[in-house]
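The exercises below are meant to be worked with the sequence and the model side by side. Try each task before reading its solution.

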Amino acid sequence: MDHIAYPGLNVPFEEQISAFVDETEGHLSSWARGSGMIADEQNGVRFDSMLLGRLAARTYPMADQRSLFTLADWMGWFFLFDDTLDDTSEGRDIRYVRPIVRALDRILHQDPIRLEFEGDSPVSLALADLWRRTARSMPASWRKRFVRNMSAYLYAYVTQAEVNTSRRALTEESYVLHRLRSGAGFASIDLIEFAQNASLPDDLHQRPELQTLKETTSNVVCWSNDVFSAPKEITRGDLCNYVAVLQQQTQLPFQQCANMVCERILDQVRLFEDTEALLARTKSRNTWGPSTTRALGGYVKGLKAWMRGNIDWSLETARYRHRAIGSL
């Protein structure tokens, strides 16, 4: 039986956690139950053990308490929604997945102030609640970008169902592109601007340096999750995991493939640092104004908090305690 030891992922960024972490854990526990997304107390206990309030507190340490509660609810929604498709046989049925994805996508394409939709499923009601609470304070340009990234995330589940049904793993190159969509990395990064109550102008988001910073951050977060979740996902036959993709491609042992993913993660961290230095040199030649300069500095710190905080959380949550493939 294969056993994956979690290799050291020593990203060189400061550990941070919000002072509101305990209150956030309590709030999220209540919200998840009140939303109806948790069906019974057994699932509630399992949900609480994931410590998703701590994940929000680690990845959005700059947020005030009210904003952090909303961000924690987003973390809860992402994980609960993911488990409804990842942990069930229905999640591999395209006919089941596609209408769910379309219904959720329609919610996000509506005005959050005058939102109307058909259906009363807990996952839809919870998403509508989050969309209203988050988007009403954000500019139209941010809403458009966030909806685009959320749509890509939702429709990635259709691709995932197709891959797992066909039993044909993606190539490494195709998987890397798929993971940028399927991990909700870009949408989670968008929420940094909500957390710091300051958005960046579109022209800054379109700069190649910022695009590289966002892409490398998403890769570090998503590939780290792949390493930590590999035993669980490989056991249930999920081929949409970087470790599984490399194992299918190379036929090497799972541990060696996990080590290879970690090497790629550290390469992404180095690329992030090089790009940050390049952006700093560019910043000195631009006149963005003090408010944009402050927002950009906070945004980059938020990217670092996501990379470091996600790994710190992965080592403390009960979600990734199983390390033996085939033991679940």
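**Exercise 1. Determine the order of the elements along the chain, and then decide how compact the chain is for its length.**

Solution. Begin at the N terminus and read the elements in turn, which gives α-α-α-α-α-α-α-α-α-α-α-α-α-α. The count is therefore 14 helices and 0 strands, where helices (H or I, at least four residues) and strands (E, at least two) are DSSP runs numbered from the N terminus. Next take the radius of gyration, which is 19 Å and close to the 20 Å that the globule rule gives for 328 residues, so the chain is as compact as a globular protein of that length. This radius is taken over C-alpha atoms, and the rule is 2.2 Å times the number of residues to the power 0.38. Finally, the C-alpha trace spans about 55 × 45 × 35 Å along its principal axes.

Before going further, note that this is a predicted model, in which local features need pLDDT of at least 70 and side-chain atom pairs count only at pLDDT 80 or more, while totals for chains, interfaces and linings use all residues. Residues are numbered from 1 along each chain as its sequence is written, and side-chain values use heavy atoms, with hydrogens and water left out.

**Exercise 2. Find what share of the chain is buried, and which residues touch the most other members of its largest nonpolar core.**

Solution. First, buried residues make up 54% of the 328 residues, with buried meaning under 20% relative accessible area, exposed over 50%, and partly exposed in between (1.4 Å probe, protein chains only). Second, a nonpolar core is a set of buried Ala, Val, Leu, Ile, Met, Phe, Trp, Tyr and Cys residues joined through side-chain atoms within 4.5 Å. The largest such core has 104 residues, of which Tyr60, Trp77, Met150 and Val243 touch the most other members. Helix 4 (residues 65–86) gives the most to this core, with 11 residues. Third, look at tryptophan 77 itself: leaving aside neighbours within four places in sequence, its contacts (heavy atoms within 4.5 Å) include Trp31, Met37, Leu104, Met150 and Tyr153.

**Exercise 3. Decide whether helix 9 is mostly covered or mostly open, and examine serine 188 within it.**

Solution. Of the 11 residues of helix 9, 10 are buried, and the helix is thus mostly covered. Among these buried residues are Gly185, Ser188, Asp190, Glu193 and Phe194. Serine 188, which lies in helix 9, counts as buried at 6% relative accessibility. Apart from its neighbours within four places in sequence, serine 188 is in contact with Tyr60, Met75, Phe78 and Trp306; Tyr60 was also named in the core of the previous exercise.

**Exercise 4. Locate asparagine 197 and glutamine 251, and state the sign of phi in each.**

Solution. Asparagine 197 sits in the loop between helix 9 (185–195) and helix 10 (202–205), and its phi is near 55°, a positive value in a residue other than glycine. At 64% relative accessibility, asparagine 197 is exposed. Glutamine 251 belongs to the loop between helix 12 (242–250) and helix 13 (254–283), where its phi is near 65°, again positive in a residue other than glycine. With a relative accessibility of 58%, glutamine 251 is exposed.

**Exercise 5. State where serine 30 is found, and whether serine 30 is buried or exposed.**

Solution. Serine 30 is part of helix 1 (residues 21–34), and with a relative accessible area of 52% this serine 30 is exposed. To place serine 30 in the fold, compare leucine 296, which is 266 residues away along the chain, and find that the two C-alpha atoms are separated by 34 Å.
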